[in-house]
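Good morning, colleagues. I would ask you to look at the structure on the screen while I take you through its main features.

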Amino acid sequence: MHSYDEHTERIARLCFDYAIERLRMDPVPLDGPSTPEALDAAAGKLITPRGHAPEDVMRVFAEVLAPACVSSDSPRFLAFIPEAPTKASQLFDVVVSASAIVGSSWLEGSGAIHAENEALRWIADLAAFPPGAGGCFVSGGSAGNLSALVTAREAARAKLGGPRGRWRAVLGDQAHSSLTNALHIMDAEPLVVPSDADGRLTGRVLAAALDADPDPRSIFAIVATAGTTNAGIVDDLAGIAATAAEHGLWMHVDGAYGLAAMAAPSARSLFDGIERANSFVVDPHKWLFAPFDCAALLYREPELARRAHTQHAAYLEPLRTAGEWNPADYAYHLTRRVRGLPFWFSLAVHGTNAYADALERTLAIAKRAAAAIDAAPHLELLRQPDLSIVLWRRTGWSAADYTDWSRRMLDEQRVFALPTTWDGEVVARAVFLHPDMPDAVVDDMVVSMA
């Protein structure tokens with residue numbers, strides 16, 4: 001199995017031929033889910049003692065399994081938070097897989113880590129972080145948020161000792177579910193502060209909540225959101241930063257989706273205050289055109305993260321060389337793939353100006369969609385988009401109507417968009433992240449709801 005022989009050559013040609021044809025698809029098909037019964041019948045049992053011809057296994061994948069997956073890189077994928085990886089990043093992901101690089105330590109992967117750190121530095125510069133800032137790439141926003149909160153708690157413990165009860169972190173009521181989950185994992189509790197009428201956590205309301213809290217010593221961090229997952233709303237980062245500084249608290253920014261727009265000149269002012277954060281996370285696999293799974297976690301003072309996360313064991317001690325950057329020291333992981341390399345390669349090939357242009361195009365697409373919805377007599381735009389998420393209401397529809405519409409549009413391969421809830425009401429939602437999405441997709445959505 002580990003030698004490159006004629007059998008391996010057949011596999012290589014099958015895999016590369018499929019990958020090239022998939023990358024050539026224009027447009028990328030949406031496809032869609034199947035049933036367990038249908039997949040059992042069509043795919044059969046392929047894991048057996050003697051194995052199968054690679055051509056047969058690839059045929060099942062290409063004809064049965066792959067079409068049963070919704071293509072998140074399709075310009076018609078407007079649900080959840082899509083991805084729109086560049087072809088360069090997808091191709092280099094193949095190189096990364098073939099290279100078998102362990103990205104845990106400088107000793108094992110110094111060249112790859114050097115490249116990843118260059119990509120991290122570009123993101124840090126977008127946030128105006130100091131020269132000493134740094135971090136690592138993790139699997140996603142959930143991993144980044146958990147790792148940053150662990151660092152924040154350990155920094156608070158070193159400064160204050162332990163609380164009388166359980167540790168707490170302040171979240172806005174629109175914060176991502178991964179943050180509540182991270183606190184649960186840490187045996188900590190959220191202190192949820194209400195947003196303003198537009199769904200933003202503000203420094204003013206935050207300060208009032210902190211001043212009124214009976215146990216401020218138990219609070220170790222404030223988490224702001226830069227682009228809520230439901231509506232793309234950016235919290236009052238400048239006001240939150242000022243409040244965090246006044247109370248001596250760690251400020252973490254969950255920008256898994258929205259902080260990518262720091263690279264768009266027209267949107268940069270939305271993130272004023274990010275430069276004062278202690279840590280933040282942004283996922284290149286969301287809106288910076290990288291393949292899954294790639295999230296950038298950055299710290300203003302990475303030494304604090306290293307103290308919190310470095311693992312110690314006899315066999316790991318040879319990795320401890322002064323001045324070397326070990327990504328395993330900056331999050332809860334140990335073994336890691338160099339998931340930042342496809343992003344680095346695409347940045348290096350296309351240049352950062354191309355990224356700014358692509359982000360501006362998606363912002364323009366969202367604004368055009370909002371205008372088209374606002375102009376339709378049967379639709380009601382719920383709010384002007386801060387970034388690239390649009391929410392709207394179809395007059396007279398029930399929750400079932402939205403669900404039926406969503407299913408029909410996917411069945412007909414027109415668009416994949418799912419309803420959400422806004423102020424207790426089921427409404428329509430679309431996320432625009434693909435810079436090459438045709439105008440006709442939005443026009444069709446508007447007509448389809450008539």
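I shall speak about the sheets, then the backbone, then the surface, and finally the salt bridges. Please keep in mind throughout that this is a predicted model.

Let us begin with the sheets. Strands of a sheet pair through backbone hydrogen bonds, in either the parallel or the antiparallel sense. In this model, seven strands make up an open sheet with mixed pairing, and their order is β1-β7-β6-β5-β4-β2-β3. At its edges stand β1, residues 134–138, and β3, residues 189–193, each of which pairs on one side only. From one strand to the next, the twist averages 20°.

Within this sheet, I draw your attention to β5, residues 250–254, and β6, residues 279–282, which are paired in the parallel sense over three bridges. Should you wish to locate this pairing on the screen, find His 252, which stands opposite Ser 279 of β6.

There is also an open sheet of four strands, in the order β8-β9-β11-β10, and here the pairing is antiparallel. Its edge strands are β8 and β10, the latter covering residues 420–422, and each pairs on one side only. Neighbouring strands in this sheet are turned against each other by 45° on average, direction ignored. Strand β9, residues 389–394, runs antiparallel to β11, residues 425–431, and four bridges join them. Here Val 390 is the residue opposite Ala 430 in β11. Helix α13 lies across β8 and β9, and runs at about 135° to β8.

Between α13, residues 352–375, and β8, residues 379–381, there is a loop that holds His 378. Is this histidine, His 378, buried or exposed? His 378 counts as buried because its relative accessibility is 16%, and the cut-off for a buried residue is under 20%. Beyond its neighbours within four places in sequence, His 378 has contacts that include Arg 393, Arg 394, Val 446 and Met 449.

I turn now to the backbone. Most residues other than glycine have a negative phi, and most peptide bonds are trans. Where does this model depart from that pattern? Asp 26 and Pro 27 are joined by a cis peptide bond, with omega about 5°. Pro 27 belongs to the loop between α1 and α2. A cis bond also leads from Phe 292 to Asp 293, with omega near -10°.

As for phi, Ala 100 has a positive value, near 55°. This alanine, Ala 100, sits in the loop between α4, residues 87–99, and α5, residues 106–126, and is exposed, at 67% relative accessible area. Ala 128 likewise has a positive phi, of about 60°. Ala 128 is placed in the loop between α5 and β1 and counts as partly exposed, at 48% relative accessibility.

On the surface, Phe 16, Ile 20 and Val 94 make a nonpolar patch of about 240 Å². Of these, Ile 20 is part of helix α1, residues 6–24, and is partly exposed, with a relative accessible area of 37%.

Finally, the salt bridges. How many does a search of the whole structure find? The number is 27 salt bridges. I have selected three.

One joins the side chains of Asp 125 and Arg 121, at 2.8 Å from N to O. Both Asp 125 and Arg 121 belong to helix α5, four residues apart, which is about one turn of the helix.

Another brings us back to Asp 293, which we met at a cis bond. Asp 293 forms a salt bridge with Arg 337, and their closest N and O atoms are 3.9 Å apart. Asp 293 is in the loop between α10 and β7, whereas Arg 337 is in the loop between α11 and α12, so the pair ties together parts that lie 44 residues apart in sequence. Asp 293 is partly exposed at 26%, and Arg 337 is partly exposed at 28%.

The third selected pair is Asp 444 with Arg 414, at 2.9 Å from N to O. Asp 444 lies in helix α15 and Arg 414 in the loop between α14 and β10, 30 residues apart, and the pair thus links distant parts of the chain. Lastly, salt bridges with shared partners unite Asp 93, Asp 293, Arg 337 and Arg 339 in one network.

Thank you for your attention.

Definitions and conventions
Residues numbered from 1 in each chain as written. Predicted model: local features only at pLDDT ≥ 70, side-chain atom pairs only at ≥ 80, totals over all residues. Heavy atoms only, no water. Pairing = 2+ DSSP bridges. Helix = DSSP H or I, 4+ residues; strand = E, 2+ residues; numbered from the N terminus. Axes fitted to C-alpha atoms, helices over the stretch in contact; angles between N-to-C directions. Patch = residues over 30% accessible without salt bridge, like charges linked within 9 Å, V, L, I, M, F, W, Y side chains within 5 Å. Areas by Shrake-Rupley, 256 points an atom, 1.4 Å probe, with all protein chains shown as cover. Salt bridge = Lys/Arg side-chain N within 4 Å of Asp/Glu carboxyl O. Buried < 20%, exposed > 50% of the residue type's maximum accessible area, 1.4 Å probe, protein only. Contact = heavy atoms within 4.5 Å.
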